[in-house]
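A visitor has some questions about a protein with its ligand. A guide answers them one by one.

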Amino acid sequence: MYWKVQVLEKYVIKGGTALHGEVEISGAKNAAVAIIPAALMVDGVCCIENIPQISDTDMLLTILRDLGAKVRFLNKSTVEIDCTKVRYQDAPYELMRKIRASYYLIGAMLGRFGSAKTTMPGGCNFGVRPIDQHIKGMTALGADVSVKNGFVYADARDGKLHGARIYLDKVSVGATMNIILAAALAQGRTIIENAAREPHIVDLANFLNSMGADVRGAGTDTVKINGVDKLHGGSYAIIPDQIEAGTYMVAAAATGGEVLIKNVIPRHLECISAKLRETGTIVQEYEDSVLVKGASTLRRVNIKTLPYPGFPTDMQPPMGALLCLANGTSVITEGVYDNRFKYINELRKMGAEVQVDGRVAVIEGGRRLTGAPVQACDLRAGAAMVIAGMCAVGTTEVEDVHYIERGYENFVGKLRELGADIEIVNFSDDSDPSEKIVMIS
Ligand code: EPU
């Protein structure tokens, strides 16, 4: 572990260019961030293909290395992980605090060792993001779980977890996946009711099953897990990222361009394609790609975000940016998080007319956006600002782009390939230099 001075980066975007060409979608972030911790439970070597090169996966692989795993990249997106020699120890807290997905180490470590100590998860701030349903699940499986001074302590009461029937009070992606992880090596059968149904839940189940687990019903609201004694090594390829694909779809539509988005599962994009078609955008589906052709005038639409197969909350900010350009008044209702409209303030700096009341945003569209210095408030909000910048008149500078790099592989490079005028610029600011020192390992 050592320290270095963090170089601050911003994106500088000159607006007004429609995107044209082809873009290849990377592996799904929210599948990868559960599958990497799942490798801890495998007694053997697992080879994982289609890992997105983003800072969240980098951090998780670093955490596994710190725990004693052998991690080797075979090419830029294929990693071999050998956790056979990993023994129980505390995980590196500084790294865990930075990412939301560190909560999957609770399920994975409890499953493998019967004990886990992690920090409370970090990640994007959309208001209160409790983990009570994760804790409820682990407790039902026979763990004593407590949260003290920012740490989560979990210990299987008799050294081993036992299957149980668990009803989630709230549809939670993280809780569903965490309970699947812990239950995969528990004794007996676990049933999760009111489970989340996102594509990455199916992907985690497929990964575990290919390593010898017995998880059934993933993708429905009832998941049944028959615990097995051990998981063996194997190979697995992560599905393409639904939200990365959706972001390029919206970027193509907003800039009035024409983009073929490759390496996707069109079925996972249906909720996004349907809304884009309502705006007048043409979306053509092929076997593993979608072609998006922007309309000369965008129409207003209303959106309500919901758990899958509803419209994804992670697509709400990019669509918010697009709707500022659409003719008429659009209403967005955020159905998942308490506070996911912070980016609207940034859009207002660019001339957007939006009223926010709690979980509802009313967008008076058809305004011309103008370039401005703005912040990426979080990962998807950052993507929204980049889309707005590409559609605006003049130059937009987006700061805090480390959020964007948590979840989009080579965002700037891929957009430049599509013709966007965007570059990464290093800069320094006047804040306390000690704030720019970060720990890396
Ligand atoms: N919730 C609870 N209790 C819990 C868990 C969740 O009340 O124990 C609430 C949350 O506060 C939220 C709702 O339930 O209001 C749904 O949260 P969920 O657990 O589904 O979200 P998450 O697991 O924290 C994952 C993704 C998010 C994505 C959501 C919803 C990861 C690491 N994160 O978060 O991804 O928004 O599911 O699909 O998988 C992103 O990629 O930008 C991102 C934020």
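The exchange below concerns a predicted model.

Visitor: Which pocket does the ligand take up, and which residues around the ligand are the closest?
Guide: This is a predicted model. The ligand occupies the second largest pocket. A shell of 24 residues surrounds the ligand. The closest are Y103, Q133, S172, D314 and V336.

Visitor: How far is a polar side-chain atom of D132 from a nitrogen atom of the ligand?
Guide: A polar contact needs N or O atoms within 3.5 Å. The side chain of D132 meets that cut-off with a nitrogen atom of the ligand, at 2.7 Å.

Visitor: Which side chains have a polar atom close to an oxygen atom of the ligand, D314 at what distance and R380 at what distance?
Guide: D314 places a polar side-chain atom 2.6 Å from a ligand oxygen. For R380, an N or O atom of the side chain and an oxygen atom of the ligand are separated by 2.7 Å.

Visitor: How much of the accessible area of the ligand does the protein cover?
Guide: On its own, the ligand has 820 Å² of accessible area. The protein covers 93% of that area.

Visitor: Which elements give two or more residues to the shell around the ligand, and which gives the largest share?
Guide: Four elements qualify: α1 (29-38), α5 (132-140), α6 (173-184) and α12 (379-391). The largest share is three residues. That share comes from α5.

Visitor: How many residues of each class are in the shell around the ligand?
Guide: Nonpolar residues number 10. The polar ones number six. The charged ones number eight.

Visitor: Is α1 enclosed or open, and which of its residues are buried?
Guide: Buried means under 20% relative accessible area. Nine of the 10 residues of α1 are buried, so the helix is largely enclosed by the rest of the structure. The buried residues are K29, A31, A32, V33, A34, I35, I36, P37 and A38.

Visitor: How many residues of α10 are buried, and which are they?
Guide: Helix α10 is mostly covered, with eight of its eight residues buried. They are Q316, P317, P318, M319, G320, A321, L322 and L323.

Visitor: Where is the cis peptide bond, and what is omega there?
Guide: Most peptide bonds are trans. Here a cis bond joins Y308 and P309. P309 sits in the loop between β18 (303-304) and α10 (316-323). Omega is about 10 degrees.

Visitor: What is phi of N194, and what is phi of N410?
Guide: Most residues other than glycine have a negative phi. N194, in the loop between β11 (189-193) and α7 (199-210), has a positive phi of about 60 degrees. N410, in the loop between α13 (402-405) and α14 (411-417), also has a positive phi. Its value is near 50 degrees.

Visitor: Is N194 buried, partly exposed or exposed?
Guide: The partly exposed class lies between 20% and 50% relative accessible area. N194 has a relative accessible area of 21%, so N194 is partly exposed.

Visitor: Which backbone oxygens does the side chain of T255 reach?
Guide: T255 is in helix α8 (residues 242-255). Residues three or four places apart in an α-helix point the same way. T255 is buried, with a relative accessible area of 13%. Its side chain reaches the backbone oxygen of A251 at 2.9 Å and that of A252 at 3.3 Å.

Visitor: How far apart in space are L141 and G163, C-alpha to C-alpha?
Guide: L141 lies in the loop between α5 and β8 (143-148). L141 is buried, at 0% relative accessible area. Along the sequence, L141 and G163 are 22 residues apart. In space, their C-alpha atoms are 5.7 Å apart.

Visitor: What separates the C-alpha atoms of V228 and A184?
Guide: V228 is in the loop between β13 (222-226) and β14 (234-237). V228 is buried because its relative accessible area is 18%, and the cut-off is under 20%. V228 and A184 are 44 residues apart along the chain. Their C-alpha atoms are separated by 6.4 Å.

Visitor: How far apart in space are V152 and L208?
Guide: V152 belongs to strand β9 (residues 151-156). V152 is buried, with a relative accessible area of 2%. In sequence, V152 and L208 are 56 residues apart. Their C-alpha to C-alpha distance is 24 Å.

Conventions: Residues are numbered from 1 along each chain as its sequence is written. This is a predicted model: local features need pLDDT of at least 70, side-chain atom pairs count only at pLDDT 80 or more; totals for chains, interfaces and linings use all residues. Side-chain values use heavy atoms; hydrogens and water are left out. A residue is near a molecule or strand if one of its heavy atoms lies within 4 Å of it. A polar contact is a pair of N or O atoms within 3.5 Å; within protein, one must be able to donate a hydrogen and the other to accept it, and residues adjacent in sequence count only if both atoms are side-chain atoms. Accessible areas come from the Shrake-Rupley method with a 1.4 Å probe; for residues, only the protein chains shown count as cover. On a 1 Å grid over the protein atoms alone, a cavity is a set of points where a 1.4 Å probe fits but cannot get out, and a pocket is an open set with protein on both sides within 12 Å along at least five of seven lines; lining residues have an atom within 4 Å of a point. A molecule sits in a cavity or pocket if more than half of its atoms lie within 2 Å of its grid points. Ala, Val, Leu, Ile, Met, Phe, Trp, Tyr, Cys and Pro count as nonpolar, Asp, Glu, Lys and Arg as charged, and the others, Gly among them, as polar. Buried means under 20% relative accessible area, exposed over 50%, partly exposed in between (1.4 Å probe, protein chains only).
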